[in-house]
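Hi everyone, thanks for coming. Let me put the model up on the screen, and then I'll talk you through it.

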Amino acid sequence: MSEDKVYNAADEAQVKGRKKRIDIVRANELTDLKEVMSTAGGRRFVWRLLGHAGVHQSSFNTNSQTMAMNEGRRGVGLFLEAEIMDADPKLYLAMQAEAIAQEEKDNA
């Protein structure tokens, strides 16, 4: 266990300490994602993940089990997309623009 004593939500010092630790963890998560998204290769990889997750397509299927799987996959993709937007929306736009440019180049 990470803490030996019982957490007391009425203790302002404990509340502030826990909030500070949570804020540090969140900042690290967003920094990690920005690092991945700061490279062209990282952006290509994340774009492929979002495509595989089916973020921008319907998860509908007449088979309920397949639809549930599709929706679960899509949920993970939506989570990743939201994380990118929290980290830096400009990186999402850069990734999208690069993907569109590559698709136009591939189709030319």
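Reading from the N terminus, the elements run α-α-α-α, so to speak a chain of 4 helices and 0 strands. Helices here are DSSP runs of H or I with at least four residues, strands are runs of E with at least two, and both are numbered from the N terminus. Before I go on, please keep in mind that this is a predicted model: local features need pLDDT of at least 70, side-chain atom pairs count only at pLDDT 80 or more, and totals for chains, interfaces and linings use all residues. Residues are numbered from 1 along each chain as its sequence is written, and side-chain values use heavy atoms, with hydrogens and water left out.

Now the overall dimensions. The C-alpha atoms fill a box of roughly 65 × 40 × 20 Å along the principal axes. The radius of gyration of the chain is 19 Å, whereas a compact globule of 108 residues would come out near 13 Å. That radius is taken over C-alpha atoms, and the globule rule is 2.2 Å times the number of residues to the power 0.38. Of the 108 residues, 21% count as buried. For burial, the cut-offs on relative accessible area are under 20% for buried, over 50% for exposed, and partly exposed in between, with a 1.4 Å probe and protein chains only. On contacts, meaning heavy atoms within 4.5 Å: among those with a separation of 6 or more, 52% come from residues 24 or more positions apart.

Let's go inside. The largest nonpolar core has 13 residues, and those with the most contacts inside it are Leu33, Met37, Val46, Leu50, Leu80, Ile84 and Met95. At least two residues of this core come from each of α1 (12-37), α2 (40-53), α3 (64-87) and α4 (89-107). A nonpolar core, for the record, is a set of buried Ala, Val, Leu, Ile, Met, Phe, Trp, Tyr and Cys residues joined through side-chain atoms within 4.5 Å. In soluble globular proteins, nonpolar side chains tend to be buried together. What does isoleucine 84 touch, not counting residues up to four places away in sequence? Its partners are Leu33, Met37, Val46, Leu50, Pro89, Tyr92 and Met95.

Next, α2. Its 14 residues should span 20 Å at 1.5 Å a residue, and its end C-alpha atoms are indeed 20 Å apart; the expected span is 1.5 Å times one less than the number of residues. Which residues of α2 are buried? They are Gly42, Arg43, Val46, Leu50 and Ala53. These cover an arc of only 95° around the axis, so they sit on the same side of α2; the arc is that of the directions from the helix axis to the C-beta atoms. The buried residues pack against α1, α3 and α4, while Arg44, Arg48 and His52 are exposed on the other side of α2. Just after α2, glycine 54 takes a positive phi of about 75°.

On to the charges. A salt bridge here is a side-chain nitrogen of Lys or Arg within 4 Å of a carboxyl oxygen of Asp or Glu, and by this rule the count is 6. One of them joins glutamate 98 to arginine 43, with the closest N and O atoms 2.8 Å apart. This pair links distant parts of the chain, with glutamate 98 in helix α4 and arginine 43 in helix α2, 55 residues apart. Arginine 43 counts as buried at 11% relative accessibility, and glutamate 98 is partly exposed at 33%.

Within helix α1, lysine 19 and aspartate 23 lie 4 residues apart, about one turn, and their side chains meet in a salt bridge of 2.9 Å, N to O. Lysine 19 is exposed at 51%, and aspartate 23 is partly exposed at 39%.

Also in α1, arginine 26 and glutamate 29 meet in a salt bridge of 3.1 Å, N to O. Arginine 26 is partly exposed at 26%, as is glutamate 29 at 38%. Arg26, Glu29, Glu83 and Asp86 are linked in a network of salt bridges. Glutamate 29 and glutamate 83 are 54 residues apart in sequence, but 9.0 Å apart in space, C-alpha to C-alpha.

One last stop: is glutamine 14 buried or exposed? Glutamine 14, in helix α1, is buried, with a relative accessible area of 14%. Leaving aside neighbours within four places in sequence, glutamine 14 is in contact with Lys5, Val6, Tyr7 and Asn8.
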